[in-house]
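Visitor: I would like to go through this model with you step by step, beginning with the way its helices cross. Could you set out the terms before we turn to particular places?

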Amino acid sequence: MTPIRISPSSLREGRWYEYLVRFALGGAATVLAGLISSYFGASVGGLFLALPAIFCASATLIESHEIRRKREAGFSGARRGQQAAALDAAGAALGALGLLAFALMFSVLVTTSIVGAFLGASAAWLVVAVAAWMVRRKTRLVRRNTGSAEQRGPALPRSR
Amino acid sequence: MTEYLIRFVVGGVVVSAFAMLGDVLRPKSFAGLFGAAPSVALATLGIAIYQHGVDYAVLQSHAMMAGALALAIYSVVVCQLLIRARLRALPATLLTLVVWLAVAVGLLKLAGGAT
């Protein structure tokens, strides 16, 4: 069974100004990448195509949503908020591997087909990011099961 | 001016779309993948090809590889700061931007990237 699911109700947790902030940050990051390319050249500008500006906003929002939810239940929620943001960061590290695949695939394909480059690179991002996430999840599950099996002792009692 | 307005709107729309996708997906570590979605790249590379041609976009995508590796390191450092140093998300993500910039520029120099 797939562990990935969709939770549309999460959209209701967001406030309208949070979406506005993300829109503005996304726009600003894109303008910044363009400005830096104009002043410092394509290579330095290219670095900023992987700028974590949006991640800063996402992690902060996730933390504040988690804190708000916990406060409504009567808890402080600060630690829970940090943990939720940390989980988001762990996912972003794996997504960055997909971003590497995106850039590699785009540079290879764009000389032959522009549309093909965008489609191929986007598919490469999705496949690599999801594969990396699944490998990490499986590794953690195996490690957790091994740890708990060691705590329980041997599965079969030793004969004396 | 019009070019930068177009960049702002296209960038804002693409980034918001990926962010909303990340909002509705669970578990949270999977949704985190969308924090490193190629949103700015999708908005920028099309304009780069239109304005400067394919070779310019190839140069940008080569440099983007260094930026992506720096992003992976950045995310791991942020994760550690949140869990071990117990920093809040805003200071952790903003302070670590220095790490991202240093690693990205360092990798670009190592790869012999021209400015």
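Guide: A crossing of two helices is called right-handed if the near helix is turned clockwise from the far one by less than a right angle, and left-handed if the turn is anticlockwise. Please keep in mind that this is a predicted model.

Visitor: What is the handedness of the crossing of H1(A) and H1(B)?

Guide: The helices concerned are helix H1 (residues 16-40) of chain A and helix H1 (residues 2-24) of chain B, whose axes come within 7 Å and cross at roughly 130 degrees. Angles from 65 to 115 degrees count as roughly perpendicular and those over 145 as roughly antiparallel, and H1(A) and H1(B) are therefore oblique to each other. As for the sense of the turn, the crossing of H1(A) and H1(B) is right-handed.

Visitor: How many residues of each class does the contact of H1(A) with H1(B) have?

Guide: From H1(A) the contact draws on residues including A:Tyr19, A:Phe23, A:Gly27 and A:Gly34, while H1(B) contributes, among them, B:Tyr4, B:Phe8, B:Gly12 and B:Ala19. Sorted by class, the contact of H1(A) with H1(B) comprises 12 nonpolar, seven polar and two charged residues.

Visitor: Which element gives the most to the side of chain B that touches chain A?

Guide: Taken as a whole, 74 residues of chain B are in contact with 70 residues of chain A. On the chain B side, the residues divide into 51 nonpolar, 17 polar and six charged. The elements giving two or more residues to that side are H1, E1, H2, helix H3 (39-52), H4, H5 and helix H6 (97-110) of chain B, and the one that gives the most, with 25 residues, is H4(B).

Visitor: Within chain B, how many nonpolar, polar and charged residues does the contact of H4(B) with H6(B) have?

Guide: H4(B) and H6(B) pack at an angle of about 145 degrees with their axes 8 Å apart, and their crossing is right-handed. Residues of H4(B) such as B:Ala63, B:Leu69 and B:Val77 are among those that meet residues of H6(B), including B:Trp100 and B:Leu108. By class, the contact of H4(B) with H6(B) has 14 nonpolar, one polar and no charged residues.

Visitor: What distance separates the centres of domain 1 of chain B and domain 2 of chain B?

Guide: Chain B is divided into domain 1 (1-52) and domain 2 (53-115), and six residues of domain 1 of chain B are in contact with eight residues of domain 2 of chain B. The side of domain 1 of chain B that touches domain 2 of chain B consists of five nonpolar residues, one polar and no charged. Taken over C-alpha atoms, the centres of the two domains are separated by 17 Å.

Visitor: Is B:Arg86 buried or exposed?

Guide: B:Arg86 lies in the loop between helix H4 (54-83) and helix H5 (89-95) of chain B, and its phi is near 55 degrees, a positive value in a residue other than glycine. A residue counts as exposed if 12 or fewer other C-beta atoms lie within 10 Å of its own. Because B:Arg86 has 11 other C-beta atoms within 10 Å, this residue is exposed.

Visitor: And A:Ala42, is that residue buried or exposed?

Guide: A:Ala42 is found in helix H2 (residues 42-47) of chain A. Leaving aside its neighbours within four places in sequence, A:Ala42 is in contact with A:Ser37, B:Tyr56, B:Leu59 and B:Gln60. With 23 C-beta neighbours inside 10 Å, A:Ala42 counts as buried.

Technical notes
Residues are numbered from 1 along each chain as its sequence is written. Chains are lettered from A and ligands numbered from 1 in the order in which they are written. This is a predicted model: local features need pLDDT of at least 70, side-chain atom pairs count only at pLDDT 80 or more; totals for chains, interfaces and linings use all residues. Helices (H or I, at least four residues) and strands (E, at least two) are DSSP runs, numbered from the N terminus. A residue is buried if 20 or more other C-beta atoms lie within 10 Å of its own, exposed if 12 or fewer, and partly exposed in between; C-beta atoms are placed from the backbone. Domain bounds come from an automatic or database domain assignment. Two residues are in contact if their C-beta atoms, placed from the backbone, lie within 7 Å. Ala, Val, Leu, Ile, Met, Phe, Trp, Tyr, Cys and Pro count as nonpolar, Asp, Glu, Lys and Arg as charged, and the others, Gly among them, as polar. Axes are lines fitted to C-alpha atoms, for helices over the stretch in contact, and angles run from 0 to 180 degrees between N-to-C directions. Angles under 35 degrees count as roughly parallel, over 145 as roughly antiparallel, 65 to 115 as roughly perpendicular and the rest as oblique.
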